[in-house]
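Reader: Could you take me closely through the part of this model where the two chains meet, and then set that part in its surroundings? I would like a connected account rather than a list.

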Amino acid sequence: MCPRRGVRLERLVPLVAACLLLLGTLSTIYVKSFQEQESTEFISLNGTAVSIDHLYATYSEQSLETSADETHTGIPFASLTQEAGIQDPAAHTYRIIAADGYTKEVEWKYLQNSVLTSDKRIIFAQLPKQYWVRDIVEIKVI
Amino acid sequence: MTEKMKHMRLVAGILAFGSLWGLLECSLGDFLSDAGLPSGVVLTGFVGLGLMVLSRMLYEQRGMQLGMGLLAGALKFLHPIGGCMICSALAIAVEGALFEVLWASPRLRISRLDAGTAVGMGVISGFVLYSLGYVATQILTPLVTAAPLSLDTLPGLLPAIFSSATLAGLAGGVTLAMVRMVPSDVASRIAHLKKEVYFPTASAVAVLSWMGILLLP
């Protein structure tokens with residue numbers, strides 16, 4: 001019994017490992033082909049391309065203290081909704097999309113206490129770092 | 001060796017390896033990110049998996065790696081600089097639990113595995129620990145922090161998670177190959193050190209790791 005079981009383990013483990021590597025390779029091809037977007041100096045705000053330089057030239061920076069006692073500076077998210085001409089921003093949820101496809105949907109109550117940093121990362125005062133999307137390329141109103 | 005002594009040696013081993021894991025997680029994460037390296041892949045595929053595999057080979061005791069993961073996760077969470085690291089802390093604890101599941105079979109004794117099976121298990125471990133750890137934190141973090149849980153975006157993240165997990169899997173394969181190179185007599189000697197040497201050494205590793213975590217810039 002034991003030698004037969006051993007042979008099966010020796011065959012099964014490399015087979016499973018190869019399948020996982022194949023899954024990962026196919027996923028990489030999919031991500032590179034369909035999900036990744038080129039990172040530029042622009043962010044698409046509800047369909048309108050806005051440059052980071054323009055945001056920093058137009059709106060004043062604010063400091064934001066997070067629940068982890070860190071202080072970050074950036075443009076308040078409210079300024080972005082103003083730039084995009086979004087009516088009644090509190091009535092919407094926002095989808096924040098990174099260049100690598102990482103996406104988070106966040107309600108206004110959290111976004112009103114957030115800033116967009118110069119390296120295109122959004123920082124929330126009340127949400128954990130999992131929500132601090134890096135290298136943002138698009139913000140959609142949903 | 002009495003059962004009580006075996007138990008005490010195991011607890012000391014969990015403290016030493018778990019604390020070292022916690023120190024490396026706290027110190028290397030930002031450094032790797034700043035250097036443009038995939039910190040999650042390196043910390044899971046090399047650091048976390050490496051320490052768990054090494055400790056499993058030395059002690060051959062199931063459950064130990066879960067204890068190490070819980071301790072390392074707690075240290076990451078309590079790390080005073082850099083703020084609340086709840087996502088990373090949960091990921092580390094989940095990795096410890098997943099390792100126990102993957103390596104639950106008594107047939108998977110690292111020192112007795114042939115090279116192909118060992119590297120294959122390294123690939124599977126790296127891939128599964130990274131991908132399921134990532135998914136688990138996406139679900140658990142909102143639950144623990146009372147943040148909004150949004151599962152709608154999770155399926156869209158899976159290709160990117162599997163893509164990064166491929167690197168973690170390859171790192172895991174390399175890690176297993178390297179750990180297997182530790183001669184079995186050396187491993188046995190370390191695991192059966194005299195108690196006059198073993199306990200002070202394990203305590204020193206744990207205390208120095210805690211001090212390192214407290215003093216980190």
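Author: What follows begins with the contact between the chains and works outward to the cores, the helices and a few single residues.

The model is a predicted one, and it scores ipTM 0.89 and pTM 0.86. For chain B the mean pLDDT is 90, with 96% of the residues of chain B at 70 or more. Within chain B, helix α6 (residues 154-179) has the highest confidence, at a mean of 95, whereas helix α7 (residues 184-191) has the lowest, at 79.

The contact itself draws 34 residues from chain A and 31 residues from chain B. On the side of chain A that touches chain B, at least two residues each come from α1 (2-35) and from β6 (103-107) of chain A, and the largest share, 17 residues, belongs to α1(A). By kind, the residues on this side of chain A are 15 nonpolar, 10 polar and nine charged.

The domain assignment gives a frame for chain A, which is divided into domain 1 (1-35) and domain 2 (42-141). Taken over C-alpha atoms, the centres of these two domains of chain A are separated by 39 Å.

The meeting of the chains can be followed into the largest nonpolar core, which has 61 residues and in which Trp21(B), Met68(B), Ile124(B), Phe127(B) and Ala168(B) touch the most other members. Two or more residues of this core are given by α1 of chain A, and likewise by α1 (3-34), α2, α3, α4, α5 (115-145), α6 and α8 (195-215) of chain B. Ile124(B) shows the arrangement at the level of one residue: when residues up to four places away in sequence are not counted, Ile124(B) touches Val13(A), Val16(A), Ala17(A) and Leu20(A) from chain A, together with Leu102(B) from chain B. A second core, separate from this one, has 22 residues, and among them are Leu45(A), Val106(A), Ile122(A) and Leu127(A).

Among the helices of chain B that give residues to the largest core is α4. Helix α4 (residues 86-102) of chain B consists of 17 residues and reaches 24 Å from its first C-alpha to its last, which is close to the 24 Å expected at 1.5 Å a residue. Because 13 of its 17 residues are buried, α4(B) is largely enclosed by the rest of the structure.

Away from the cores, two loop residues deserve a look for their backbone angles. Most residues other than glycine have a negative phi. Asn46(A), though not a glycine, has a positive phi of about 50°, and Asn46(A) lies in the loop between β1 (42-45) and β2 (48-51) of chain A. With 18 C-beta neighbours inside 10 Å, Asn46(A) counts as partly exposed, because a buried residue would need 20 or more. In chain B, Glu60(B) likewise has a positive phi, near 50°, and is found in the loop between α2 (39-59) and α3 (64-78) of chain B. Glu60(B) is partly exposed, with 14 other C-beta atoms within 10 Å.

A last stop in chain A is Tyr56(A), which lies in helix α2 (residues 52-58) of chain A and is partly exposed, with 14 other C-beta atoms within 10 Å. Leaving aside neighbours within four places in sequence, Tyr56(A) is in contact with Ile75(A) and Ser118(A). Tyr56(A) and Thr117(A), which are 61 residues apart in sequence, are 9.5 Å apart in space from C-alpha to C-alpha.

Conventions: Residues are numbered from 1 along each chain as its sequence is written. Chains are lettered from A and ligands numbered from 1 in the order in which they are written. This is a predicted model: local features need pLDDT of at least 70, side-chain atom pairs count only at pLDDT 80 or more; totals for chains, interfaces and linings use all residues. Domain bounds come from an automatic or database domain assignment. pLDDT is the predictor's confidence in each residue, from 0 to 100. Helices (H or I, at least four residues) and strands (E, at least two) are DSSP runs, numbered from the N terminus. A residue is buried if 20 or more other C-beta atoms lie within 10 Å of its own, exposed if 12 or fewer, and partly exposed in between; C-beta atoms are placed from the backbone. Two residues are in contact if their C-beta atoms, placed from the backbone, lie within 7 Å. Ala, Val, Leu, Ile, Met, Phe, Trp, Tyr, Cys and Pro count as nonpolar, Asp, Glu, Lys and Arg as charged, and the others, Gly among them, as polar. The expected span of a helix is 1.5 Å times one less than its number of residues. A nonpolar core is a set of buried Ala, Val, Leu, Ile, Met, Phe, Trp, Tyr and Cys residues joined through C-beta atoms within 7 Å.
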